[in-house]
Amino acid sequence: MLASRRAFLTGRPLPNADVQALLRLTQSMPGARFDSGARFDSGDGAGAPVAWVSPADASQVRMLFQWCTQFKLQLVPAGVCLGLDDALEHASAGSTDLLSLVDPATPAICVDVRPHLADLTSVENGGLWRAGPGCTIGDLPAAIADELLSHPHAHPGQTLGAWFARSGRSRLLQSVDVMLSDGSRERFGPMGAGGVPSVRSPLAKRLVSGLFQMLCEPLAQSWCASDVWRARYRLNALRVDHRRVPDMARVLAGSRGRLAWVEQFTFHAVLPRETDVAEMQPGCDGRAAALEHRIKALFDPSSVFPHLPARASATT
């Protein structure tokens, strides 16, 4: 095992050469900063992130992604730490508050989307609105904001990144632009005629094929027929019936940032789409946990995004 990797896992300080390399990389990105001497695990099961970074734009996030790949780190939205605690969305939150409970054994770079990734623009004569992950619900046009706020756990100061990671429920969400675990970028939303363009990258094509195969399995079909979806990832969003079309954006909604990085959201200004898929109510069924891990492995085989926390298993 490399010395730098061993230092990450055991909680010892980073070798100075690695610290300097990380610092040089961060200094090459105006608007980002690196907390050298990360406060590692001291035996209580939680380790602080290697870095607290505020990228200036989406291209800097992509550079951070390459950085994480090089140094075997996780790219974690700041709100994912401490279980998407709303306190982390406040201006007073700092790097010392960010103890990664997602996987203490794996070092993380926490990305704060609030300062610079909060762009908001209208297109198609105001028919669509595009927003960055740092845009807050309160910044959106009133009709869109009101629809988002009608769902539990949403509030005006919440960033769209945290809102989508937590639930992402909205009849007005048209699509999400994402970066996948291999660095490819895709636009996910309703599939088929009138929907978003077809996926392009090899990984995205494998994702779509693999997810539909899982959906056809008897267990997933039985859950689709229920009013409650039992897993933490919304595979049932790909179900086809008279009310809806398959929607890859809804598969990611509520996934806690573990499947992909969302770069941009696009909302309809009016005319809500059809009703949402069944309410998600994860249980402790071991079959649900197994399905979740299969979906996670399909999206993120290199584990560049936060790990799926373990949960109590049940009789299968």
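Me: Where is the place of Ser303?
Reply: This is a predicted model, and the answer comes from its helix and strand assignment. Ser303 falls in the segment after helix 9.

Me: Is Ser303 buried, partly exposed or exposed?
Reply: Buried needs under 20% relative accessible area, and exposed needs over 50%. Ser303 has 26% relative accessibility, so the class is partly exposed.

Me: What is the phi of Ser303?
Reply: Most residues other than glycine have a negative phi. Ser303 is not a glycine, yet its phi is positive. The value is near 55°.

Me: Which loop holds Glu124?
Reply: Glu124 also has a positive phi, about 55°, without being a glycine. Two strands flank its loop: strand 4 covers 120–123 and strand 5 covers 128–131. Glu124 is therefore in the loop between strand 4 and strand 5.

Me: Is Glu124 buried or exposed?
Reply: The cut-off for exposed is over 50% relative accessible area. Glu124 has 61%, so Glu124 is exposed.

Me: Is Leu128 buried or exposed?
Reply: Leu128 is found in strand 5. Its contacts beyond four places in sequence include Gln174, Thr266, Phe267 and His268. The cut-off for buried is under 20%. Leu128 has 4% relative accessibility, so Leu128 is buried.

Me: How many Å apart in space are Leu128 and Leu172, C-alpha to C-alpha?
Reply: In sequence, 44 residues separate Leu128 and Leu172. In space, the C-alpha to C-alpha distance is 9.5 Å.

Me: Which helix gives the most to the largest nonpolar core?
Reply: That core has 47 residues, and Leu160, Trp163, Val176, Leu235 and Phe267 have the most contacts inside it. Elements giving two or more residues include helix 4 (142–149), strand 9 (261–268) and helix 9 (286–299). With 7 residues, the top contributor is helix 6.

Me: Which residues does Leu235 contact, leaving aside neighbours within four places in sequence?
Reply: Leu235 is among the residues with the most contacts inside the largest core. Outside its sequence neighbours, the contacts of Leu235 are Leu211, Met214, Leu215, Ala220, Trp229, Leu291 and Ile295.

Me: How many residues has the second, separate core?
Reply: Ala21, Val61, Leu75 and Val113 are among its members. The count for this second core is 19 residues.

Me: Which are the edge strands of the open sheet of 3 strands?
Reply: The strand order is 1-3-2, with parallel pairing. An edge strand pairs on one side only. That describes strand 1 (51–53) and strand 2 (74–77).

Me: How many bridges pair strand 2 and strand 3?
Reply: Strand 3 spans residues 108–111 and pairs with strand 2 in the parallel sense. One bridge joins Gln74 to Ala108. The strand 2 and strand 3 pairing runs over 4 bridges.

Me: What angle does the direction of helix 3 make with that of strand 2?
Reply: Within the sheet, the twist averages 25° from one strand to the next. Helix 3 (residues 58–71) packs on this sheet and touches strand 1, strand 2 and strand 3. The angle between helix 3 and strand 2 is about 140°.

Me: Which residue forms a salt bridge with Glu147?
Reply: The closest N and O atoms of this pair are 3.4 Å apart, and a salt bridge needs them within 4 Å. Glu147 lies in helix 4 and its partner in the loop between helix 5 and strand 6, so the pair ties together parts 24 residues apart in sequence. Glu147 is buried at 8%, while the partner is partly exposed at 36%. That partner is Arg171.

Me: What is the distance between the closest N and O atoms of Lys296 and Asp300?
Reply: Lys296 is buried, with a relative accessible area of 7%. Asp300 is buried as well, at 2%. The two form a salt bridge, with closest N and O atoms at 2.8 Å.

Me: Are Arg114 and Asp112 buried or exposed?
Reply: Their side chains meet in a salt bridge, 2.5 Å from N to O. Both Arg114 and Asp112 are buried.

Me: Which residues do salt bridges with shared partners join into one network?
Reply: The count of salt bridges comes to 10. Shared partners make one network of Arg62, Arg185 and Glu263.

Methods. Residues are numbered from 1 along each chain as its sequence is written. This is a predicted model: local features need pLDDT of at least 70, side-chain atom pairs count only at pLDDT 80 or more; totals for chains, interfaces and linings use all residues. Side-chain values use heavy atoms; hydrogens and water are left out. A nonpolar core is a set of buried Ala, Val, Leu, Ile, Met, Phe, Trp, Tyr and Cys residues joined through side-chain atoms within 4.5 Å. Buried means under 20% relative accessible area, exposed over 50%, partly exposed in between (1.4 Å probe, protein chains only). Contact means heavy atoms within 4.5 Å. Two strands pair if DSSP finds at least two bridges between them. Axes are lines fitted to C-alpha atoms, for helices over the stretch in contact, and angles run from 0 to 180 degrees between N-to-C directions.
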